[in-house]
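Let's take a walk through this structure together. Have the sequence and the 3D view ready, and follow along from the small details out to the whole.

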Amino acid sequence: MSPSSEAPAVHLPTSAFTTLSHRCAGLGEAGIEALREAGYRAGAEVLATLGDAPAEILSEEFWVRLGAAFTRAGLGSVAFEPVSPVLGSVQWLGSVEAAGSQSGGKVESCHFAAGLLAGVLSRTAGRTVDVIEVRCSGGSAQPCWFLFGSVETLRGLRPRLGEVRDSIERIPPETVGR
Ligand SMILES: [Zn+2]
């Protein structure tokens, strides 16, 4: 089970990437949209390195393979937890976008990361999967937390993001990095 393809890649120092992402995010909606779009494209490339991984985003094997691909790409580590039949959560430890961002505890701070997850999950599921970051690590030792589900499901969640973040803070991040 070797990787099916590797796209040409450029390896940036982490500081260069974080500077670029923070400057883009500071430009407002257009910059945020650009970060999500770039992340979405990167997600497709990460997915291509998985080879014949299962096309079922709720399977444990898919997340083990995806976590290994993230680590290989220097993206940190991810762990999946189901929340409900229509909602999943991802704890992302070491999102380089969060480093030095002063975003600890905030919602929707790692835009590239959210786009990347949306790209991976949408392509795998064969339908649009939306992703929202509900708690950002701000570069601390804690993970960033993302929720994913259908566009309709997450649209219903958006008005309550602060409430969701507060409930997530009570869950220990014990599943990250396994
Ligand atoms: Zn974050």
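**A walk through the fold**

Start at Ser84, whose bridge partner in strand 2 is Leu87. That pair belongs to a hairpin: strand 1 and strand 2 have two residues between them. Strand 1 covers residues 77-84, and it runs antiparallel to strand 2, with seven bridges joining the two. Another of the pairs to look for is Val78, which stands opposite Trp92 in strand 2.

Before going on, keep in mind that you're looking at a predicted model. How much confidence does it carry? The mean pLDDT of the protein chain is 86, and 90% of its residues reach 70 or more. Among the elements, helix 4 has the highest confidence, at a mean of 95, while helix 6 has the lowest, at 81. As a rule of thumb, where pLDDT is low, the predicted coordinates should not be read in detail.

Now stay with strand 2, residues 87-93, and ask how many of its seven residues are buried. Five of them are, so to speak, tucked away, which makes this strand mostly covered. On from the hairpin, strand 2 also meets strand 4 (residues 144-149): the two run antiparallel and are joined by five bridges. Trp92, the residue that stands opposite Val78, has Cys144 as its bridge partner in strand 4. Gln91 is paired into strand 4 too, with Trp145 as its bridge partner.

Put the strands together and you get an open sheet of four, in the order 1-2-4-3, with antiparallel pairing. Strand 1 and strand 3 (130-135) stand at the edges with a single partner strand each, so one side of each is left without a neighbour in the sheet. The sheet has some twist to it as well: on average, neighbouring strands are turned by 25° against each other, direction ignored. Helix 6 (residues 161-168) packs on this sheet, where it touches strand 3 and strand 4, and its direction makes about 60° with that of strand 3.

What sits in the middle of things? In soluble globular proteins, nonpolar side chains tend to be buried together. Here, the largest nonpolar core has 37 residues, and Leu117, Val131 and Phe146 are the ones with the most contacts inside it. Several elements give two or more residues to this core: helix 2 (29-48), helix 3 (60-72), helix 4 (111-125), and strands 1, 2, 3 and 4. Helix 4 supplies the largest share, eight residues.

Two of those well-connected residues deserve a closer look. If you leave aside its neighbours within four places in sequence, Leu117 is in contact with Gly43, Val90, Val131, Phe146 and Phe148. Phe146 is found in strand 4. Is Phe146 buried or exposed? It has 26 C-beta neighbours inside 10 Å, and 20 or more is enough to count as buried, so Phe146 is buried. Again leaving aside the neighbours within four places, its contacts include Ser89, Val90, Trp92, Ala114, Leu117 and Val131. Phe146 also shows how the chain folds back: Val78 is 68 residues away from it in sequence, but their C-alpha atoms are 10 Å apart in space.

For contrast, turn to Glu108, in the loop between strand 2 and helix 4. Glu108 has a positive phi of about 50° although it is not a glycine. With 18 C-beta neighbours inside 10 Å, Glu108 counts as partly exposed, because that class lies between the buried limit of 20 or more and the exposed limit of 12 or fewer.

Finally, zoom out to the whole protein chain. There are six helices and four strands in it, and along the sequence they follow the pattern α-α-α-β-β-α-β-β-α-α. The radius of gyration is 15 Å, close to the 16 Å that the globule rule gives for 178 residues, so the chain is as compact as a globular protein of that length. Its C-alpha atoms fill a box of roughly 40 × 40 × 30 Å, taken along the principal axes. Of the 178 residues, 36% are buried. And among contacts between residues at least 6 apart in sequence, 63% join residues at least 24 apart.

Note on methods: Residues are numbered from 1 along each chain as its sequence is written. This is a predicted model: local features need pLDDT of at least 70, side-chain atom pairs count only at pLDDT 80 or more; totals for chains, interfaces and linings use all residues. Two strands pair if DSSP finds at least two bridges between them. Axes are lines fitted to C-alpha atoms, for helices over the stretch in contact, and angles run from 0 to 180 degrees between N-to-C directions. Two residues are in contact if their C-beta atoms, placed from the backbone, lie within 7 Å. A nonpolar core is a set of buried Ala, Val, Leu, Ile, Met, Phe, Trp, Tyr and Cys residues joined through C-beta atoms within 7 Å. pLDDT is the predictor's confidence in each residue, from 0 to 100. The radius of gyration is taken over C-alpha atoms; the globule rule is 2.2 Å times the number of residues to the power 0.38.
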